[in-house]
Amino acid sequence: MQRKKSGWKKLLLLFLALLLLFQVGDLIRLRYFDSARHLPVLMYHHFDLECPDGTVVTPGRFREQMTALKDAGYHAVTIRQVRDYVERDGTLPDNPVLITMDDGYTSNLTVAAPILEELGMCATVFVIGVYEGEVRNPNNGWKISIPRFSYQEALPWVDKGVLDLQSHSFNMHLLVADGFSERDGMLSMDGESREAYRWALLDDAEQARLRREEDGVPGELCALAFPFGYYDTGLDGVLAEAGYAVTFTIDERLNRLTPGDPACLRMLGRINVTDHVSGETLVKRVRRYS
């Protein structure tokens, strides 16, 4: 009887060992033998000399991080380049990296853009449309604590190719807990019909597009970063219908770009970069997703 139990234990251990072997093998295949190109995406927010929280990076640290990436052979790319590679048989440079910034803070222009220009790099800014150029929150009238740039202020950087302006929603960067919305981010509200939800998302996308056009922002509005990182496949499907060809989460994971497969451009992962991350450490993190 004891021998029988021991045999089952051996079989179980063998099964677990094989399962682990297959998992490790799959990771090695994806990391080193995958035919798709891998795209690490960085996520920043505000830049300031003081860092009260994990979303603020000092100018000195940002310069250090960007310099380290450049010295390590990484090339900043645009969403247009990424789409061309996937949709139109375009090319990407060796070691591509996509640099993104959320919310549309003025510091993206005054701090980050000059550093990027100096180093020959570029970035994408996901702007909350309703806050663009405003000094007060249109939802409650309160003064906006951290200044937001206007599209007109950003245009010189857009014209230079240093910045590309995309969407962080028009006015869905809101939470139920804050008392200004009945939905969290772009998720559906409790009891909201599928059709009403669809039209709410389409309307938000149209308002974002119209605001850009009114201020003469060149280029196509084709990408969106989910507010607060809240998303699901239903939401992403409607955003595809609204014309957003590329969407971004705040999940840290490997992004695989496969030519001819537009689905690979949806719900891309991003690496959150804080002021605590040295240039050397950032390069090591990026290499894990390259």
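**Entry: pockets**

A pocket, as I use the word here, is an open set of grid points with protein on both sides within 12 Å along at least five of seven lines. I worked with a predicted model. Rolling a probe the size of a water molecule over the atoms shows where empty space is left.

I looked up the second largest pocket and noted a volume of about 210 Å³. I counted 17 residues in its lining, and T78, R80, D164, Q166 and G219 lie nearest its centre. Two elements, α3 (79-87) and β8 (163-167), give two or more residues to this lining. I then asked which element gives the most to the lining of the second largest pocket. It is β8, with four residues. By residue type, I sorted the lining of the second largest pocket into nine nonpolar, four polar and four charged.

I went on to the largest pocket, where the space comes to about 410 Å³. Its lining has 18 residues, and I wrote down Y131, N137, S145, R148 and H173 as those that lie nearest its centre. The lining of the largest pocket divides into 10 nonpolar residues, four polar and four charged.

**Entry: the chain as a whole**

I noted eight helices and 12 strands in the protein chain. Along the principal axes, the C-alpha atoms fill a box of roughly 80 × 50 × 40 Å. Of the 290 residues in the chain, 48% are buried.

**Entry: the core**

In soluble globular proteins, nonpolar side chains tend to be buried together. I looked for the largest nonpolar core here and found that it has 42 residues. Inside this core, L42, Y44, F62, M66 and L116 are the residues with the most contacts. At least two residues of the core come from each of β2 (41-44), α2 (59-71), β6 (96-103), α4 (107-119), β7 (123-127), α5 (151-160), β8 and α8 (279-288). Which element gives the most to this core? I found α4 in that place, with seven residues.

I picked out F62 for a separate note, and its place is in helix α2. Is F62 buried or exposed? F62 counts as buried because its relative accessibility is 0%, and the cut-off for buried is under 20%. I also checked F62 against Y44: they are 18 residues apart in sequence and 9.6 Å apart in space, C-alpha to C-alpha.

**Entry: aromatic rings**

I counted seven aromatic pairs. One of them joins F228 and Y230, with 5.8 Å from centre to centre and 35° between the planes, so I entered the pair as tilted. Planes under 30 degrees apart would count as stacked and those over 60 as edge-to-face. I looked up the accessibility of both residues. F228 counts as partly exposed because its relative accessibility is 29%, and Y230 counts as partly exposed at 34%. Ring pairs also link Y44, F47 and F62 into a cluster. Two of these names, Y44 and F62, were already in my list of core residues with the most contacts.

I next looked for charges over rings. The charged end of K160 sits over the ring of W157, and I noted 4.5 Å from the ring centre. R198 lies over the face of W199, 5.0 Å from the ring centre.

**Entry: positive phi**

I noted a positive phi at D89, near 60°, in a residue other than glycine. Where does D89 lie? I found D89 in the loop between α3 and β6. D89 counts as exposed because its relative accessibility is 70%, and the cut-off for exposed is over 50%.

N95 is also not glycine, and I noted a positive phi for N95, near 50°. N95 is found in the loop between α3 and β6. At 34% relative accessibility, I put N95 down as partly exposed, since that class lies between the 20% and 50% cut-offs. I also looked up how N95 stands to K70: the two are 25 residues apart in sequence, and their C-alpha atoms are 10.0 Å apart in space.

Definitions and conventions
Residues are numbered from 1 along each chain as its sequence is written. Side-chain values use heavy atoms; hydrogens and water are left out. On a 1 Å grid over the protein atoms alone, a cavity is a set of points where a 1.4 Å probe fits but cannot get out, and a pocket is an open set with protein on both sides within 12 Å along at least five of seven lines; lining residues have an atom within 4 Å of a point. Grid points are joined across faces, edges and corners, and a volume is the space filled by probe spheres set on the points. Ala, Val, Leu, Ile, Met, Phe, Trp, Tyr, Cys and Pro count as nonpolar, Asp, Glu, Lys and Arg as charged, and the others, Gly among them, as polar. Rings of Phe, Tyr and Trp (its six-membered ring) pair if their centres lie within 6.5 Å; planes under 30 degrees apart count as stacked, over 60 as edge-to-face and the rest as tilted. Buried means under 20% relative accessible area, exposed over 50%, partly exposed in between (1.4 Å probe, protein chains only). A charge sits over a ring if NZ of Lys or CZ of Arg is within 6 Å of the ring centre and within 35 degrees of the ring normal. A nonpolar core is a set of buried Ala, Val, Leu, Ile, Met, Phe, Trp, Tyr and Cys residues joined through side-chain atoms within 4.5 Å.
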